[in-house]
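This report goes through one protein chain, from its sheet to its helices and loops. Please look over the sequence and the structure before reading on.

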Amino acid sequence: MRDEGYFGVPVRTLLEAKPDIHYVGTLSLSSDLSARAAELWPNVIVIDTEYMVSQVLPLAEELHASIPSCSMLLLCDPAKRGMLPPRRWSGRLNFVLKDASDAVLADSIRRLAAGERVVSPMLQAASLNTDRGLSTRELEVLGLAAEGESVREIAGRLYLSGGTVRNYLSAVITKTGARNRLDAIRIARKGGWLR
């Protein structure tokens, strides 16, 4: 998968050159992603995006619900604060450097297809050494709110209650020193946590 109009690492070219990896398609990140990915039924999905990890996590949850057996690999740029793995890494998403060599990328895909978990040691160390004011879940909720989702819609996408979503939004407002939800979104974007 890749952003619409994003021309990052030429993942397709790298993977199609590997005789033991069957490339099934490229999808753009959009609202019907889960349904389209389920039609292809891949073993591994490589996500090449400029979105922040907090914005990708809800998509990963939807993809996992649609294709539970599929592993997901997010290509990350450690120079961008919002592109680091969450501190509490759940294992649904796996992380490799965006500029990883084709050998590392192919090896990561093979390991994921075999049921292993993958996270670049450099990304893991960078994640642990970064001071984040907001938790990963708070960033997920805020990211969906920034996309215009209502509390009910956020709750449905993240499998939370409406009250829990409101509590996360309240915590974000408090932690960022914002006046309201819109101000918290502005502060998070300015800080590089949301796109």
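## The sheet

In this predicted model, three strands form an open sheet in the order β1-β2-β3, and the pairing is parallel. The edge strands are β1 and β3 (93-97), each of which pairs on one side only. From one strand to the next, the twist averages 25°. Helix α3 packs on this sheet and touches β1, β2 and β3, with a direction that makes about 165° with that of β2. Helix α4 (residues 102-113) also lies across β1, β2 and β3, and runs at about 155° to β2.

Strand β1 is joined to strand β2 (residues 71-76) by five bridges, and the two run parallel. Which residue of β2 is the bridge partner of valine 44? The partner is serine 71. Further along, isoleucine 47 has leucine 74 as its bridge partner in β2, and aspartate 48 stands opposite leucine 75 of β2. Five bridges also join β2 to β3, again in parallel; through one pairing, leucine 73 has asparagine 94 of β3 as its bridge partner.

## Burial of the strands

Strand β1 covers residues 44-48, and five of its five residues are buried, so the strand is largely enclosed by the rest of the structure. Val44, Val46 and Asp48 point one way from β1, while Ile45 and Ile47 point the other way; all are buried. Asp48 is thus among the buried residues of this strand.

Strand β2 is likewise largely enclosed by the rest of the structure, because six of its six residues are buried. On one side are Ser71, Leu73 and Leu75, and pointing the other way are Met72, Leu74 and Cys76, all of them buried.

## The connection from β1 to β2

What joins β1 and β2 along the chain into one unit? Together with helix α3 (residues 53-66), the two strands make a β-α-β unit, and this unit is right-handed.

## Serine 108 in helix α4

Serine 108 has its place in helix α4. Is serine 108 buried or exposed? Its relative accessible area is 3%, which is under the 20% limit, so serine 108 counts as buried.

The side chain of serine 108 reaches the backbone oxygen of valine 104 at 2.8 Å. Leaving aside residues up to four places away in sequence, serine 108 touches Leu73, Val96 and Val118. Leu73 is one of the buried residues of β2.

## Helix α9

Helix α9 spans residues 181-190, and its buried residues are Asp183, Ala184, Ile185 and Ala188. An α-helix has 3.6 residues a turn, so residues three or four places apart point the same way. The buried residues of α9 pack against two other helices, α6 (136-146) and α8 (162-176).

At the start of α9, asparagine 180 places a side-chain oxygen within 3.1 Å of the backbone nitrogen of leucine 182.

## Two loop residues with positive phi

Most residues other than glycine have a negative phi. Tryptophan 41 is not a glycine, yet has a positive phi of about 45°. Tryptophan 41 lies in the loop between α2 (33-40) and β1. With a relative accessibility of 45%, tryptophan 41 counts as partly exposed.

Tyrosine 159 also has a positive phi, of about 60°, although it is not a glycine. Where does tyrosine 159 lie? Tyrosine 159 is in the loop between α7 (151-158) and α8. The relative accessible area of tyrosine 159 is 56%, and the residue is exposed.

## The chain as a whole

The chain has nine helices and three strands. From the N terminus on, the elements follow the order α-α-β-α-β-β-α-α-α-α-α-α.

Of the chain's 195 residues, 47% count as buried. The accessible surface comes to about 9900 Å², and 51% of this belongs to carbon and sulfur atoms. Among contacts between residues at least 6 apart in sequence, 67% join residues at least 24 apart.

Technical notes. Residues are numbered from 1 along each chain as its sequence is written. This is a predicted model: local features need pLDDT of at least 70, side-chain atom pairs count only at pLDDT 80 or more; totals for chains, interfaces and linings use all residues. Side-chain values use heavy atoms; hydrogens and water are left out. Buried means under 20% relative accessible area, exposed over 50%, partly exposed in between (1.4 Å probe, protein chains only). Helices (H or I, at least four residues) and strands (E, at least two) are DSSP runs, numbered from the N terminus. Two strands pair if DSSP finds at least two bridges between them. A crossover is right-handed if, with the strands pointing away from the viewer, the path from the first strand over the helix to the second runs clockwise. Contact means heavy atoms within 4.5 Å. A polar contact is a pair of N or O atoms within 3.5 Å; within protein, one must be able to donate a hydrogen and the other to accept it, and residues adjacent in sequence count only if both atoms are side-chain atoms. Axes are lines fitted to C-alpha atoms, for helices over the stretch in contact, and angles run from 0 to 180 degrees between N-to-C directions. Accessible areas come from the Shrake-Rupley method with a 1.4 Å probe; for residues, only the protein chains shown count as cover.
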